[in-house]
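The following exercises are to be worked through with the sequence and the structure at hand. Each consists of a task and a stepwise solution.

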Amino acid sequence: MAPLVSLIGGFIVLRLIGLAGVDALDGWQPALRGGLALMFTVTASAHFVPAMRRDLIAMVPPSLPAPGLLVTVTGVLELAGAVGLLIERTATAAAIALAVLMVVMFPANVSAARRQVTLLGKPATPIVRRSIEQVFYIAAAIAASL
């Protein structure tokens, strides 16, 4: 839920700031990029907080090697993408790369739901709800790349 709140809340706040006269945020696309950057900063931070990190490592499908390394790499990629979204010159490439990353990481979410992995003691998001959220996040990244 935190990623969704970060994305939507960040977008709304940044869009309002743009409407209030901050030229750099005066448009839906800069506000969307900022909301996505906030979302990916929030999700990336979970890769490095010990309690969440353990749960994210458990989410990695058992068939993949070095789950700890995969969690670290994906966290770094999410942070790099978040920064890239905030730089006009790299925003399009960052948005596309993050959309691809979300597609690549989605099987871990499916695996976690099927294996009933918990995140901070709560069950992983059910597959149907997670799929809908994932499509929304990917669509937001694609829209930010335009």
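**Exercise 1: The two sides of a helix**

On the other side of α1 from its buried residues, V5, L16 and L19 are exposed. The model examined here is a predicted one.

Task: Determine which residues of α1 are buried, and establish what covers them.

Solution.

Step 1. Compare the length of the helix with expectation. Helix α1 comprises the 18 residues 2–19; at 1.5 Å a residue these should span 26 Å, and the 25 Å between the end C-alpha atoms agrees with this.

Step 2. List the buried positions. In α1 these are P3, S6, L7, G10, L14 and G18. Because they cover an arc of only 95 degrees around the axis, they lie on the same side of α1.

Step 3. Identify the cover. Among the elements that cover the buried residues of α1 are α2 and α6.

Step 4. Inspect what follows the helix. After α1 comes G21, with a positive phi near 125 degrees.

**Exercise 2: The nonpolar cores**

Task: State which residues of the largest nonpolar core touch the most other members, and which elements give two or more residues to this core.

Solution.

Step 1. The largest nonpolar core holds 20 residues, and those touching the most other members are L7, L32, L36, M39, F40, L85 and M102.

Step 2. Two or more residues of this core are given by each of α2 (28–46), α4 (67–85), α5 (91–114) and α6 (127–145).

Step 3. Take M102 as one of these members. Apart from neighbours within four places in sequence, M102 contacts F40, Q134, Y137, I138 and A141.

Step 4. A second core, separate from the largest, has nine residues, including M59, V71, A112 and A124.

**Exercise 3: An arginine and the largest pocket**

Task: Decide whether R130 counts as buried or exposed, and find which residues lie nearest the centre of the largest pocket.

Solution.

Step 1. R130 is located in helix α6. Its relative accessibility is 17%, and a residue counts as buried under 20%, so R130 is buried.

Step 2. Beyond neighbours within four places in sequence, the contacts of R130 are F106, N109, T125 and Y137.

Step 3. The largest pocket contains about 1,100 Å³ of space. Its lining consists of 41 residues, and L56, M59, N109, L119 and R130 lie nearest its centre.

Step 4. At least two lining residues come from each of α1, α2, α3 (50–59), α4, α5, β2 (122–123) and α6. The largest share, nine residues, is supplied by α5.

Methods:
Residues numbered from 1 in each chain as written. Predicted model: local features only at pLDDT ≥ 70, side-chain atom pairs only at ≥ 80, totals over all residues. Heavy atoms only, no water. Core = buried A, V, L, I, M, F, W, Y, C linked by side-chain atoms within 4.5 Å. Buried < 20%, exposed > 50% of the residue type's maximum accessible area, 1.4 Å probe, protein only. Helix = DSSP H or I, 4+ residues; strand = E, 2+ residues; numbered from the N terminus. Contact = heavy atoms within 4.5 Å. Expected span 1.5 Å × (residues − 1). Arc of directions from axis to C-beta. 1 Å grid on protein atoms, 1.4 Å probe; cavity = no way out; pocket = protein on both sides within 12 Å on 5 of 7 lines; lining within 4 Å. Points joined across faces, edges and corners; volume = space filled by probe spheres on them.
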